[in-house]
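Me: Please pick one part of this model and take me through it closely, with the cut-offs behind each term. I would like a single connected account rather than a list.

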Amino acid sequence: MFHSTRIRLTGWYLLIIMAISIAFSVVVYGILTRELNQFSRLQQIRIEQRFQDSNEGEVQLPVPPPFPLFDPELLEDSQQHIVSLLVFLNLGILVISGALGYFLAGRTLQPIETMVEEHNRFVSDASHELRTPLTALKSAIEVNLRDKKLDIAQVRTLLKQSILEVDKLEILSDNLLRLSQYESAPIQLRYTKVSIVKVADDAIQKISPLAKMKKVTIRSAVKDITIEAQPESLQELLVILLDNAVKYSKEKGVVELSARKTDGMMKITCADHGIGISAKDLPHIFDRFYRADTARTNTKTSGYGLGLSIAKQVVKLHHGTISAESVDKKGTIFTVSLPIQHFS
Ligand code: ADP
């Protein structure tokens, strides 16, 4: 599809360039032939004048012949020569601008092609992720419907399982929606002065039920810094990092959250002593739908691989950076650097 668009775009470039070039050539031809005609006419007048002047003087020159002193064939030759030169020039322009136009059309379409490819991948990944809980839900309902002796207890179990699947679908669609909002409409976000201590406390509060369940302790060393940011998305970023840190920690583990100021930047770190990330997975963890090997991470705790993609978008919106360091089976540290002031 993009190849034919590239050819069409090249055609349009060529059409515009050639229209300009041909119009320019016609004008140049008109000017040159007019100048040539004028030149030969003037020369003719001058020569005739000289004959007349000399006849009035002492030296007698022969009477000028009654035909033009300038050979009209020579004039026609010159005109034809100009035409061939202009045709040759236009052919050159056609070839060069064709090659250049094809190259430029490729360059112009490249970002659009990448965007469309990414969009298609996103749609196909999203539909694939949506299909899994939907299929599970459908087959559970079908199996139970076929059972003629289905009692009320079984119906309850089925409904409970269905709610779990629906919850998963809800989480997935929420994540997809937020990710697409961050990716497509960053201009709508409003930045205000935010206390990172407050944001961090709220994020820890949100994660505490999960932390309690796994008996994980969250230690906070967040300094009282005010930053220009979008409070909800900043909290979301911390929730994602803390959620992962707790999720991938061992029971009774410790997670440390810190924030400090360095050179006009706020540096946030979230460290855990959990399962770690292998060197193979580390470069991909910020990719959409990327999950490390489920056997390692234990399927019960795995999400949809969207958390860190959302985190990356939030950091990007705040003109910051995010990175991860990890030692397999020892733990992981996520570091986020955000400018304290920027958007005013
Ligand atoms: P998920 O919802 O699956 O956790 P994320 O995008 O948040 O998705 O993370 C992507 C992958 O990165 C996870 O599947 C996990 O394998 C890995 N990961 C992220 N954070 C940690 C961590 N703190 N410790 C170990 N692995 C992690």
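Reply: Helices (H or I, at least four residues) and strands (E, at least two) are DSSP runs, numbered from the N terminus. This is a predicted model, in which local features need pLDDT of at least 70 and side-chain atom pairs count only at pLDDT 80 or more, while totals for chains, interfaces and linings use all residues. Residues are numbered from 1 along each chain as its sequence is written, and side-chain values use heavy atoms, with hydrogens and water left out.

The part I have chosen is the open sheet, together with the helices and loops around it. Five strands make up this sheet, in the order β2-β4-β5-β7-β6, and their pairing is mixed (two strands pair if DSSP finds at least two bridges between them). The edges are formed by β2, residues 217-222, and by β6, each of which pairs on one side only. From one strand to the next, the twist averages 10° (axes are lines fitted to C-alpha atoms, for helices over the stretch in contact, and angles run from 0 to 180 degrees between N-to-C directions).

At the β6 edge, the approach to the strand is worth following residue by residue. H319 sits in the loop between α7 and β6, and its phi is near 60°, a positive value in a residue other than glycine. With a relative accessible area of 54%, H319 is classed as exposed (over 50%; buried is under 20% and partly exposed lies in between, with a 1.4 Å probe and protein chains only). Strand β6 itself, residues 321-327, has two faces: I322, A324 and S326 make up the covered one, whereas T321, S323, E325 and V327 belong to the uncovered one. Its partner is β7, residues 331-339, with which β6 pairs in the antiparallel sense over seven bridges. Within this pair, I322 from the covered face stands opposite V336. The hairpin that joins the two strands has three residues between them, and there K329 takes a positive phi near 65°.

On its way into the sheet, β7 also meets β5, residues 265-272; the two run antiparallel and are joined by eight bridges. One such pair is M266 with its bridge partner L338 in β7. M266 appears again among the contacts of I196, which lead from the sheet to helix α4.

Helix α4 lies across β2, β4 (254-262) and β5, and runs at about 175° to β2. I196 belongs to this helix, residues 196-213, and counts as buried because its relative accessibility is 1%. If neighbours within four places in sequence are left aside, I196 is in contact with V222, K223, I225, L234, L238, A259, M266 and I268 (heavy atoms within 4.5 Å). The loop between α4 and β2 holds K215, whose phi near 55° is likewise positive in a residue other than glycine. K215 counts as partly exposed because its relative accessibility is 48%.

I196 also has a place in the largest nonpolar core, which has 53 residues, and it is one of the six that touch the most other members, with L234, L237, L242, L257 and I268 (such a core is a set of buried Ala, Val, Leu, Ile, Met, Phe, Trp, Tyr and Cys residues joined through side-chain atoms within 4.5 Å). Helix α5 supplies the largest share of this core, nine residues, and α5 is mostly covered, with 14 of its 17 residues buried. For L242, again leaving aside neighbours within four places, the contacts are A203, I204, I207, I218, V255, L257 and C270.

A last residue to consider is A229, found in strand β3, residues 226-229. It counts as buried because its relative accessibility is 0%. The C-alpha atoms of A229 and I196 are separated by 9.6 Å, although the two residues are 33 apart along the chain. A229 and T217, on the other hand, are 12 residues apart in sequence and 27 Å apart in space, C-alpha to C-alpha. Beyond its neighbours within four places, A229 is in contact with R190, Y191, T192, V194, L234 and H318. L234 is thus on the contact lists of both A229 and I196, and it is also named among the core residues that touch the most other members.
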